[in-house]
Protein chains: 2
Amino acid sequence: MYRCACQVGECVLCEARLASGPAREHACEVRGLLTRQTHRPREILFRQGEPSEHLFLLGTGQVKLMSNLPDGREQILGVRIAGQLLGFEALHPAGAAERGGAAGGDVQHPYTAETLTTVEVCRIRHRDMLAILEQNPAVSLRVIERLRQELDQAQVLIRDLGLKSAPEKVASFILSLVPDDAARADILLMPLSRLEIAEFLGLTVETVSRVFAKFRRDDLIRTPRGRVEVLNRAHLSSVAGGISAAPTPRGERALPAY
Amino acid sequence: MYRCACQVGECVLCEARLASGPAREHACEVRGLLTRQTHRPREILFRQGEPSEHLFLLGTGQVKLMSNLPDGREQILGVRIAGQLLGFEALHPAGAAERGGAAGGDVQHPYTAETLTTVEVCRIRHRDMLAILEQNPAVSLRVIERLRQELDQAQVLIRDLGLKSAPEKVASFILSLVPDDAARADILLMPLSRLEIAEFLGLTVETVSRVFAKFRRDDLIRTPRGRVEVLNRAHLSSVAGGISAAPTPRGERALPAY
DNA sequence: CGTCCCGTTGACGGCGCTCAAAACAGGTGG
DNA sequence: CCACCTGTTTTGAGCGCCGTCAACGGGACG
């Protein structure tokens, strides 16, 4: 499969152009606008409150999005994986100029982005991205689809935070780690620490740890270093108590009836 | 101001086309694709689990989005107002056909949409919308912007649900009712019942009622029928304990300027 | 006037948070 | 290899916030 400068197979820019344009050389005319970066684990891509100037296209790895309250409390808003977007908040199609203010460019990141793993991202200036979107409907459609998926994920999290108990939250979370195509891969990578799981689910470290302990006692899971092994998915699903946080596979039935 | 068939000033379709096209008559070439509907309060636009075939453009009024667990628990995901989008979940730019399955059109609504007030919406088939997006970058940009705003709102709610106490949640919620342009309009419409507020904030009716009572005793608010009057916004903001869902007061800059 | 629904208030109990400490793993240097 | 230090995970004890259950009041409406 052909890859453009950003070397990212899932890149919304490259793929879309490849699919739409007959001419190969056009595939990467955006090359000059992209900056490729590699980050190590636990690096900050940008911080909440900083001015947002770039859009990030995540190529490989995982990035956590987190938001703080002034008193230090921290909430993880989500985890982004390959193909997803970061730092979209300052893309003002129209009106950036028409509204008064400091040239419309002083929008701030509403959250902090920190890498969980080694990460490759493509960075592009908002204005450049805007120009691309204006000229490439196919890219726009891809972006719309990505945003919609992120909105879905956010709503699933809202549901879990709003009405689930601690065990239900943790069970849902574990099940959400199951990759889409996993037929029977029940040993899952655990990208988050106990503290981060707590910050994701609106709980405390101790509560998360206790729930994990209980699941272990009930032979639902095992927890080797940095991993989670699901021993009894059916039972775990019933504990999760309803719709899980798993991304809905395309084309198949969404909202499994469980 | 000119208005197209849908009669909706904020309509992403009409406005965008008006702005981009020089010819007036082009402004409403999408007219034939739009169906305008008027709904009374407490009507269901669509239900969670039903197949999603239409996109809704909200013209006037308010619509609440809610999601249920199998056992009946209910979570309000958000409230949509004029100009926002509904039922976007089935818009599949590419891949709807390429992947196997039942023609790719069997995507289901992940939430139920119910009107809170009298509501005017424009309805359009997903495939028609798709065609419009493919041909009109300006429309795509508007849609992207709307989705991004909805994502921001969702993330604010996630933060509130995940790490705020009951009084903080309620205070944030009240402040979120302050309209963007309100210089000093402190009497706010309350579109939600106590039960709905509870379902929005992940609390119970009793807790919400108790917090309101406490705020009343502390002379922070008054609660005439169907309204909320803010008596001491500064104090209420401090109770909200951090970033609120409210648009930032002019002059001050807190975090998200959504 | 009776009924229904919504909001309010009280009593009580449990889930999950707080505080505290021990168990554990990992890295560093002796 | 072991001692030591550091940060994470686990476990325990106690309590507080908020959910649960119940009763009451008021407005809308037939």
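A residue is called near a molecule or strand here if one of its heavy atoms lies within 4 Å of it. The structure is a predicted model, in which local features need pLDDT of at least 70 and side-chain atom pairs count only at pLDDT 80 or more, while totals for chains, interfaces and linings use all residues. Residues are numbered from 1 along each chain as its sequence is written, chains are lettered from A and ligands numbered from 1 in the order in which they are written, and side-chain values use heavy atoms, with hydrogens and water left out.

We can begin with DNA strand C. It has 18 residues around it, of which A:Ala166, A:Thr207, B:Arg194, B:Arg210 and B:Arg216 come nearest. Of the strand C atoms that come within 4 Å of the protein, 68% belong to sugar and phosphate. Several polar contacts (pairs of N or O atoms within 3.5 Å) can be picked out. A polar backbone atom of A:Ala166 is 2.7 Å from a phosphate oxygen of strand C, and a polar side-chain atom of A:Thr204 lies 3.0 Å from a phosphate oxygen of this strand. A base takes part too: one of its oxygens lies 3.2 Å from a polar side-chain atom of A:Arg210. Helices here are DSSP runs of H or I with at least four residues, numbered from the N terminus. H6(B) gives the largest share of the surface near strand C, 5 residues.

DNA strand D comes next. Among its 17 surrounding residues, A:Arg194, A:Ser209, A:Arg216, B:Ala166 and B:Thr207 come nearest. Sugar or phosphate makes up 67% of the strand D atoms within 4 Å of the protein, and bases make up the rest. A phosphate oxygen of strand D is 2.8 Å from a side-chain N or O atom of A:Ser209, and another polar contact places a polar side-chain atom of B:Thr207 2.5 Å from a phosphate oxygen. A:Arg210 appears here as well, with a polar side-chain atom 2.9 Å from a base nitrogen of strand D. The largest share of this surface, 5 residues, comes from H6(A).

Away from the DNA description, A:Arg146 sits in helix H3 (residues 137–163) of chain A. This arginine counts as buried (under 20% relative accessible area, with a 1.4 Å probe and protein chains only) because its relative accessibility is 12%. A polar atom of its side chain lies 2.7 Å from the backbone oxygen of A:Gly83. A:Leu85 is 61 residues from A:Arg146 in sequence, yet their C-alpha atoms are 7.4 Å apart. In chain B, 22 of the 27 residues of H3 are buried.

Methods:
Helices (H or I, at least four residues) and strands (E, at least two) are DSSP runs, numbered from the N terminus. Buried means under 20% relative accessible area, exposed over 50%, partly exposed in between (1.4 Å probe, protein chains only). A polar contact is a pair of N or O atoms within 3.5 Å; within protein, one must be able to donate a hydrogen and the other to accept it, and residues adjacent in sequence count only if both atoms are side-chain atoms.
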